[in-house]
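This report describes one protein model for a reader who is new to structural analysis. Please examine the sequence and the structure shown here before reading on.

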Amino acid sequence: MFCIMNKVSFKISVFLIIALGLLCSPHTAKAENIEILLDSASAAYTSDNYGKAIEIYEKCIKEYGTSSQLLANLGNAYAKAGDYGRAFLNYERSLYLNPADKEVRNNRAYIVSKIDDANKANTGGKKISVKPDEIGFFTKLGLFLKHSQTSDTWAVWGVITFILLCSCIAIYYYREEVILRKIGFFGGISLLMLCIVFNILSFMSAQAYNIKDEGVIIEFKTSLKAEPFESSKTVGTPLVRGTKMTILDIQEDKNNSDKWYKVRLNSDIAGWIKSKYFEII
């Protein structure tokens with residue numbers, strides 16, 4: 001009986017090892033494939049073969065998913081290749097996933113300065129603004145808070161403050177020392193307010209991430225149209241790729257499957273642009 005049980009146990013152990021190996025092997029192979037691709041992209045980037053690096057990074061994103069660092073690397077490759085439009089686009093997407101990345105923020109700021117200079121040169125000396133309208137202090141503060149951290153980060157802070165709040169409540173109810181009860185009472189009120197604030201910020205960050213109301217011009221140079229059709233007159237001044245616009249409306253093109261976006265840069269520049277020249281962030 002003991003020998004039979006040993007054989008059965010051995011067979012079960014072998015089966016479990018094989019099953020575990022089968023489950024792990026695809027993930028191991030996938031990780032190895034990604035590592036090989038990333039090494040190839042890094043080598044291409046280092047050797048100034050930016051087109052090849054872009055191709056590999058985009059293949060990684062398509063086949064294995066994305067990350068803030070992968071998008072940042074793709075943005076760097078596009079920037080080196082001179083495509084500031086897609087560089088800016090990928091930096092923006094990277095910051096949606098990791099708003100605290102200072103290096104990406106600095107790279108984006110550099111690209112924005114280049115785009116602003118190019119747009120200003122296209123005005124031909126006309127007194128027309130090619131920058132977004134100035135926003136108020138509270139609007140700017142709200143945008144900073146929504147985009148300074150991810151929704152998950154704010155949610156974690158909300159959980160931490162809630163746990164501390166429960167601790168303060170316990171101290172207030174179960175300790176008799178006056179000083180500790182005061183700490184529990186006033187600390188609990190403060191932590192309750194912080195918990196509410198962090199949860200509100202988490203909701204706002206998630207909402208900002210899901211609302212796709214901004215996009216980037218990806219055409220080398222294009223002009224907006226007064227109406228959503230090709231024969232319509234142009235408005236404003238030609239804009240270079242990388243110009244960030246707010247989306248106001250979307251219309252289907254009746255002649256083909258393309259779309260038209262009604263976009264706005266500022267009070268001077270607003271109009272329609274075809275989706276093939278424009279990509280949502």
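The secondary structure of the protein consists of eight helices and seven strands, where helices (H or I, at least four residues) and strands (E, at least two) are DSSP runs numbered from the N terminus. The model is predicted, so that local features need pLDDT of at least 70 and side-chain atom pairs count only at pLDDT 80 or more, while totals for chains, interfaces and linings use all residues. Residues are numbered from 1 along each chain as its sequence is written, and side-chain values use heavy atoms, with hydrogens and water left out.

**The whole protein**

Of the 281 residues, 31% are buried; buried means under 20% relative accessible area, exposed over 50%, and partly exposed in between (1.4 Å probe, protein chains only). Among contacts (heavy atoms within 4.5 Å) between residues at least 6 apart in sequence, 55% join residues at least 24 apart.

**Helix 2**

Helix 2 covers residues 50–64. Its 15 residues should span 21 Å at 1.5 Å a residue, and the end C-alpha atoms are indeed 21 Å apart; the expected span is 1.5 Å times one less than the number of residues. Tyr50, Ala53, Ile54, Ile56, Tyr57 and Cys60 of this helix are buried. Just after helix 2, Gly65 has a positive phi of about 95°.

**The loop between helix 5 and helix 6**

Thr123 lies in this loop, as does Gly124. The table gives the relative accessibility of each.

| Residue | Relative accessibility | Class |
|---|---|---|
| Thr123 | 6% | buried |
| Gly124 | 65% | exposed |

Thr123 touches Ile128, Val130 and Thr237, when residues up to four places away in sequence are not counted. Thr237 also appears in a distance for Gly124: their C-alpha atoms are separated by 9.1 Å, although the two residues are 113 residues apart along the chain.

**The largest pocket**

Rolling a probe the size of a water molecule over the atoms shows where empty space is left. On a 1 Å grid over the protein atoms alone, a pocket is an open set of points where a 1.4 Å probe fits, with protein on both sides within 12 Å along at least five of seven lines. The largest pocket has a volume of about 1,600 Å³, this being the space filled by probe spheres set on the points.

Its lining comprises 47 residues, of which Glu92, Leu143, His147, Glu214 and Lys244 lie nearest the centre; lining residues have an atom within 4 Å of a point. Among the elements that each supply at least two lining residues are helix 4 (84–97), helix 8 (178–210) and strand 4 (244–252).
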